[in-house]
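Here's an informal walk through one protein model, taken a piece at a time. Keep the viewer open and follow along.

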Amino acid sequence: MKLTIIGCSGSYPGPESPASCYLVEAEADGRRTSVLLDFGNGSLGALQRYREVDEIDAVVISHLHPDHCLDLCSYYVVRNYDPLGRFDAKLPVHAPAGARERLTRAYAVGKPEDLGTAFDFVDLVDRQTFEIGPLRITPHLVNHPVEAYGLRVEADGAVLAYTGDTDACPGLVELERDADLVLTDSAFVDGRDDEMRGVHLSGSRAAQTAKDAGAKRLMLTHIPTWTPVEDCLRDARAVWEGDVEVAVAGETYEL
């Protein structure tokens, strides 16, 4: 399984990265399956550095905040109005309930234009596994102000646990259990954001959850540009005994 960081800037696109978007790929029977975990604003442009727009097999959306889903509106334009005839079927979009209506409102100006003409929306259900090619994906309900899921992705014996946006909660440990890589929200800083609970993890809370779950690697992501990365690393290193990695847009990791 291969992970490419398309975008990892927290809450809004930054000068060096779009908002959240992660390309996960695996091969089986000579065919590559390519799935996007989230499709935040700014990510469609960056995606085209790594894959053609018609090479995506599905999109999985962790929650419906703009920095995790809004470029589906741009991708709708590509798939619905492409003059080259590259798209002959709807693209599966696995997302929290209400995604079709949410994105239709985001796209509409004078009157609604239903994005369901280009996308086949499928509701995520807590702990209900689905398959996309060789990728097995299990959503886990997490702790955020809106319905939100962490995503456990398995292929060829490897496990990626992507938290989406969340604070600490019981579902995170099961999501991250024995994961080869935990790609975790780390938007908050200890001492600065202590009164803001139920929204994001800090580096220390992210590290403690991954440690409790027996995860092998810890990678921080979703760090806003107003937050020094070193602050998040400091908080995580106070808990995590091994190396702490930080997601970097454009980097690829093998699991």
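Let's begin at Tyr107, which has 23% relative accessibility and so counts as partly exposed. Before going further, bear in mind that this is a predicted model.

Which ring does Tyr107 pair with, and in what geometry? Its partner is Tyr76: the ring centres are 5.0 Å apart and the planes sit at 75°, so the pair is edge-to-face. Since Tyr76 belongs to helix 3 (residues 71-81) and Tyr107 to helix 4 (residues 99-107), this pair ties together parts that are 31 residues apart in sequence. Unlike the partly exposed Tyr107, Tyr76 is buried, at 1% relative accessibility.

Tyr76 also pairs with Tyr81, again edge-to-face, with 6.1 Å from centre to centre and 85° between the planes. Tyr81 comes out as partly exposed because its relative accessibility is 46%, and the cut-off for buried is under 20%. If you're wondering about the two numbers quoted for each pair, the distance of the centres and the angle of the planes are what describe a pair of aromatic rings. Elsewhere, ring pairs link Phe39, Tyr75, Phe119 and Phe121 into a cluster. The count of aromatic pairs comes to 7.

Now for the sheet. It is an open one of 7 strands, in the order 7-8-9-10-11-12-13, with mixed pairing. The edges belong to strand 7 (130-132) and strand 13 (244-246); each has a single partner strand, so one side of each has no neighbour in the sheet. On average, neighbouring strands are turned by 25° against each other, ignoring direction.

Zoom in on strand 11, residues 181-185. How enclosed is this strand? Of its 5 residues, 5 are buried, so strand 11 is largely enclosed by the rest of the structure. Both faces are covered, with Leu181, Leu183 and Asp185 buried on one side and Val182 and Thr184 buried on the other.

On one flank, strand 11 pairs with strand 10 (residues 158-162) in the parallel sense, over 3 bridges. Here Ala161 stands opposite Val182. Strand 11 also pairs with strand 12 (residues 218-221), parallel once more, over 4 bridges. In that pairing Val182 faces Leu218, while Asp185 has Thr221 as its bridge partner.

How does the chain get from strand 11 to strand 12? It crosses through helix 6 (residues 203-213), and this β-α-β crossover is right-handed. A right-handed β-α-β unit is also made by strand 10, helix 5 (residues 170-176) and strand 11. Further along, helix 7 (residues 229-237) lies across strand 12 and strand 13, running at about 155° to strand 13.

Last stop, the cysteines. A search of the whole structure turns up 0 disulfides. For Cys169, the nearest cysteine sulfur is that of Cys232, 19 Å away. For Cys232, the nearest is that of Cys8, at 12 Å. A disulfide needs the two sulfurs within 2.5 Å, so neither distance qualifies. Buried or exposed, then, for Cys169? Cys169 is buried, with a relative accessible area of 17%. Cys232 is buried too, at 0%.

Note on methods. Residues are numbered from 1 along each chain as its sequence is written. This is a predicted model: local features need pLDDT of at least 70, side-chain atom pairs count only at pLDDT 80 or more; totals for chains, interfaces and linings use all residues. Side-chain values use heavy atoms; hydrogens and water are left out. Two strands pair if DSSP finds at least two bridges between them. Helices (H or I, at least four residues) and strands (E, at least two) are DSSP runs, numbered from the N terminus. Axes are lines fitted to C-alpha atoms, for helices over the stretch in contact, and angles run from 0 to 180 degrees between N-to-C directions. Contact means heavy atoms within 4.5 Å. Buried means under 20% relative accessible area, exposed over 50%, partly exposed in between (1.4 Å probe, protein chains only). A crossover is right-handed if, with the strands pointing away from the viewer, the path from the first strand over the helix to the second runs clockwise. Rings of Phe, Tyr and Trp (its six-membered ring) pair if their centres lie within 6.5 Å; planes under 30 degrees apart count as stacked, over 60 as edge-to-face and the rest as tilted.
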